[in-house]
Amino acid sequence: MTIRVLLADDQALLRATFRILIDSCDDMEVVGEATNGAEAISLARAHRPDVVLMDIRMPGTDGLAATQAICADPDLSAARVLILTTFEIDEYVAQALRAGASGFLGKDVSADVLLDGIRTVAGGDSLLSPAATKVVITRFLTTPSPGTPLTPPQALDTLTAREREVMALAAEGRSNTEIAEKLYVSPLTVRTHVHRAMTKLGARDRAQLVVIAYQSGLVRPVAPPPSGF
């Protein structure tokens, strides 16, 4: 299956570079290019991409608003948004994750990392490194935006004990393989538990499951050590 990718970035040189790189792969193709968030929304509805590579800082409608619109559109439920940012960890990234983005990459990543990232989110997994996940969640995800309610703890009542356990470990940024080793089960079993939890909680993907884990209180962030220690 060919992964259909939509590029959204106001820098023409970057878009051209990404297009050449992506189109050189047999398993993916660029289906459109947007220079701002409004164009990204329009092109996403027109082309139904599997993955949207989304820059955050763009003129007019920014990438954050575009991510929210795309992830909230039922007709685009299969589309995954991968955030591209100059700064790997900032409040805008956290807001994008709240809005439904599947992960983020710095614009300085290597070609292989970018292509693997596209494949990862296209497959339904999130792209959140353990270190970045912990920092983003500790600083931003546990503090909702004004008017955004936290997920109530009772929302987790539909989960089995094992599904909660797997969800909590995923929220720490652990991979399926790492969770499997800790629980003495197969990675396939872990993946099944993750997908069942996502289905029960209405999460688009693993990234949103992580947000729910922290906002519901299933997992609580560990405060960073005081400066100087």
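This passage describes two nonpolar cores and one helix in a predicted model.

The largest nonpolar core has 24 residues. Met 54, Ile 70, Val 81 and Ile 83 make the most contacts inside this core. Both helices and strands contribute to the core. At least two of its residues come from each of strands E1 (3-8), E3 (51-55) and E4 (80-85), and from each of helices H2 (37-47), H3 (63-72) and H4 (91-99). Helix H3 supplies the largest share, four residues.

Ile 70 shows how distant parts of the sequence meet. Its neighbours within four places in sequence are left aside here. Ile 70 is then in contact with Ala 40, Ile 41 and Ala 44, with Val 52 and Met 54, and with Leu 76, Ala 79 and Val 81.

A second core is separate from this one and has 23 residues. Among them are Leu 156, Ala 170, Ala 171 and Ala 197.

Helix H9 spans residues 187-201 and has 15 residues. From its first C-alpha to its last, H9 reaches 21 Å, close to the 21 Å expected at 1.5 Å a residue. Its buried residues are Val 190, His 193, Val 194, Ala 197, Met 198 and Leu 201. These residues lie on the same side of H9, because they cover an arc of only 135° around the axis. The cover over them includes helices H7 (161-171), H8 (176-183) and H10 (206-215). The face turned away from the buried side carries Leu 188 and Thr 199, which are exposed. Gly 202 follows H9 and has a positive phi, near 70°.

Methods: Residues are numbered from 1 along each chain as its sequence is written. This is a predicted model: local features need pLDDT of at least 70, side-chain atom pairs count only at pLDDT 80 or more; totals for chains, interfaces and linings use all residues. Side-chain values use heavy atoms; hydrogens and water are left out. A nonpolar core is a set of buried Ala, Val, Leu, Ile, Met, Phe, Trp, Tyr and Cys residues joined through side-chain atoms within 4.5 Å. Buried means under 20% relative accessible area, exposed over 50%, partly exposed in between (1.4 Å probe, protein chains only). Contact means heavy atoms within 4.5 Å. The expected span of a helix is 1.5 Å times one less than its number of residues. The arc is that of the directions from the helix axis to the C-beta atoms.
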